[in-house]
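This briefing is intended for a reader who has the sequence and the coordinates at hand. It proceeds from the sheets to the cores and then to model confidence.

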Amino acid sequence: MRFFQKLDQLETRLQVLIEGSVARLFPEYDLEHDLAHQLVAALRRGTKQHPDGYLIAPNLFTLQVHPSRAGLLSQQEAFFDELTRSLEEAADETGLCFLSPPVIRIVEDAEMPLYQFQVNAQISQEKLTHTTDILIEPESGVHYIPQSAFLIVNGTQTIPLESSVINIGRRPDNHLVINDPRISRVHAQLRAINGRFVIFDLDSTGGTYVNQQRISQYTLFPGDVISLAGYPLVYGQEAAWPGETEKYDSPDGNEISPNGAG
């Protein structure tokens, strides 16, 4: 398929770009291979098909690194400018559309191993900063809870999210208890980080999906559709996207019990 062939070519191009620029600054990483591969894999996972048939590419990429590496990476503005330019060129060549020019943000993650990094990508309808901006988001000890955040569970019940950590699963001691056989006893966790809710899969059997893509962790935006092994939830905030929750025809007959999530 032309789309995937072009992404393979993009990965090769990015390897050359990375090898010729920042790879020498981080000899402990295999940057030219790992970063290029993770960027393209995130682009591939995050691309969605619009009902009209065209493909929408993720425009927000986050590069999670250990805090000791974030400062040096943030100084490589020319490199990240070239990286986002390559992503835009690849989008033009493959027929992808960005809602806004792509942005790469560096996120400090104290739990990330020193010599590892992780790339995530998502489609953001928010107004993003210029493509050359590098934003370091520190992992601070104070985690602000997003205002007026909520989950629409199974299309029938709205659960306000008023705690910084919310465990979801079938076991009775979870904050949000979902009595459904598809749900693991401890399935997923919502955690407020830097004013956003991030959902983490807790090694569940059936998996955690956001917008039909399986994830291990994902920063949520209003309107994101979550599936816990097929069980539907929709994340919302005060400025939620209108009409998003109406897309779900929810299954019946399952018990939902907020146990401390409100």
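Which order do the strands of the open sheet of 3 strands have? The order is E1-E2-E4, with mixed pairing; strands (E, at least two residues) and helices (H or I, at least four) are DSSP runs numbered from the N terminus, and two strands pair if DSSP finds at least two bridges between them. This is a predicted model, in which local features need pLDDT of at least 70 and side-chain atom pairs count only at pLDDT 80 or more, while totals for chains, interfaces and linings use all residues. Residues are numbered from 1 along each chain as its sequence is written, and side-chain values use heavy atoms, with hydrogens and water left out.

**Sheet of 3 strands**
- Strands E1 (48-49) and E4 (96-97) stand at the edges with a single partner strand each, so one side of each has no neighbour in the sheet.
- Strand E2 (residues 55-56) pairs with E4 in the parallel sense over 2 bridges, and Ile56 has Cys97 in E4 as its bridge partner.

**Sheet of 6 strands**
- An open sheet of 6 strands, with antiparallel pairing, follows the order E9-E8-E18-E17-E14-E15.
- Its edges are strand E9 (157-160) and strand E15 (213-215), each with a single partner strand, so one side of each is left without a neighbour in the sheet.
- From one strand to the next, the twist averages 30°; axes are lines fitted to C-alpha atoms, and angles run from 0 to 180 degrees between N-to-C directions.
- E17 and strand E18 (residues 231-236) run antiparallel and are joined by 4 bridges, with Ile226 opposite Leu233 in E18.

**Nonpolar cores**
- The largest nonpolar core (buried Ala, Val, Leu, Ile, Met, Phe, Trp, Tyr and Cys residues joined through side-chain atoms within 4.5 Å; buried means under 20% relative accessible area with a 1.4 Å probe, protein chains only) has 26 residues.
- Phe61, Leu63, Phe80 and Val119 have the most contacts inside this core.
- Elements that each supply at least two of its residues include helix H1 (2-19), helix H4 (77-94) and strand E6 (117-122).
- A second, separate core of 24 residues includes Ile168, Ile183, Ile215 and Leu233.

**Confidence**
- The protein averages a pLDDT of 76, where pLDDT is the predictor's confidence in each residue, from 0 to 100.
- Confidence is lowest in strand E7 (residues 136-137), at a mean of 44, and highest in strand E17 (residues 225-228), at 95.
- Over residues 130-142 the pLDDT is below 50.
- Where pLDDT is low, the predicted coordinates should not be read in detail.

Technical notes: Contact means heavy atoms within 4.5 Å. Buried means under 20% relative accessible area, exposed over 50%, partly exposed in between (1.4 Å probe, protein chains only).
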